[in-house]
Amino acid sequence: PLPPKVQAMAEEKKNGGTLDILVMIGVCRDAERATIPFSLAANAIKKYKKKVEIILMFDGAHLADPEQAKCVIAGKPFDGHLLERMKNFMKIGGKISVCKPCLVKRNMLNTKLIDGVEVITGLKYLEKLDVASKHMQFM
């Protein structure tokens with residue numbers, strides 16, 4: 001028999017998963033690639049009532065720092081800076097996580113992160129990936 005936690009995850013996956021869409025962002029220097037995932041994810045929540053989580057990994061971990069997210073401005077057709085878009089995404093029910101090893105690699109573990117952003121391990125990412133119905137990556 002499977003361990004209880006693995007069994008529960010298998011049941012969730014069989015029943016459609018606990019996440020509709022899991023999005024991974026691995027960039028921060030390209031404002032368009034950092035912004036579009038939040039636009040798509042917000043639309044999925046608002047228009048299709050999807051459960052969406054965005055995970056910031058690799059260089060994307062920098063986006064968890066409010067000072068750095070405030071500096072990301074994609075320009076038209078996207079209004080405002082990324083920090084505002086990230087906060088609005090969480091207000092409508094979206095979840096944002098950041099990779100702990102990615103923070104450690106960038107000496108950011110003690111950085112004040114955006115309120116509401118959860119720090120997760122690689123194992124937790126794999127668990128989320130396993131229960132998500134769909135997965136998107138922006139690198």
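Which strands does helix H2 lie across, and at about what angle does H2 run to S2? In this predicted model, H2 lies across S1, S2, S3 and S5, and its direction makes an angle of about 165° with that of S2. The strands named here belong to one sheet, and the description therefore begins with that sheet before turning to the helices and loops.

The sheet is open and consists of five strands, which follow one another in the order S4-S3-S2-S1-S5 with parallel pairing. The edges are formed by S4 and S5, each of which pairs on one side only. Between neighbouring strands of this sheet, the average turn is 25° when direction is ignored. In general terms, the strands of a sheet pair through backbone hydrogen bonds, and this pairing can be either parallel or antiparallel.

Strand S1 covers residues 19–25, and six of its seven residues are buried, so that S1 is largely enclosed by the rest of the structure. With strand S5, which spans residues 132–138, S1 pairs in the parallel sense over six bridges, and within this pairing Ile25 stands opposite Phe138 of S5. S1 is also joined to S2 by five bridges, and these two strands again run parallel; here Val23 is the residue that stands opposite Ile54 in S2. Further along the sheet, S2 is connected through four bridges to strand S3, residues 95–99, in a parallel arrangement, and Leu56 has Val98 in S3 as its bridge partner. As a general feature of regular strands, the side chains alternate between the two faces of the sheet.

The helices can be placed relative to these strands. Helix H2, made up of residues 31–48, forms a right-handed β-α-β unit together with S1 and S2. Helix H4, in turn, lies across S2 and S3, and the angle at which H4 runs to S3 is about 120°.

Several features of the backbone occur in the loops. The peptide bond that leads from Lys76 to Pro77 is cis, with an omega near 10°, and Pro77 is located in the loop between helix H3 (66–70) and helix H4 (82–91). Two residues other than glycine have a positive phi: for Phe58 the value is near 50°, and for Asn107 the value is near 55°. Phe58 is found in the loop that lies between strand S2 (52–56) and H3, whereas Asn107 belongs to the loop between helix H5 (100–105) and strand S4 (118–120). With regard to accessibility, Phe58 counts as partly exposed because its relative accessibility is 38%, a value that falls between the limits of 20% and 50%. Asn107, by contrast, has a relative accessible area of 72% and is therefore exposed, since this value is over 50%.

The cysteines were considered last. Cys99 has a relative accessible area of 6% and Cys102 has one of 7%, and both are therefore buried, because each value is under 20%. As regards disulfides, which require a pair of cysteine sulfur atoms within 2.5 Å, the count for this model comes to zero.

Definitions and conventions: Residues numbered from 1 in each chain as written. Predicted model: local features only at pLDDT ≥ 70, side-chain atom pairs only at ≥ 80, totals over all residues. Heavy atoms only, no water. Buried < 20%, exposed > 50% of the residue type's maximum accessible area, 1.4 Å probe, protein only. Pairing = 2+ DSSP bridges. Right-handed = clockwise from strand over helix to strand, strands pointing away. Axes fitted to C-alpha atoms, helices over the stretch in contact; angles between N-to-C directions. Contact = heavy atoms within 4.5 Å.
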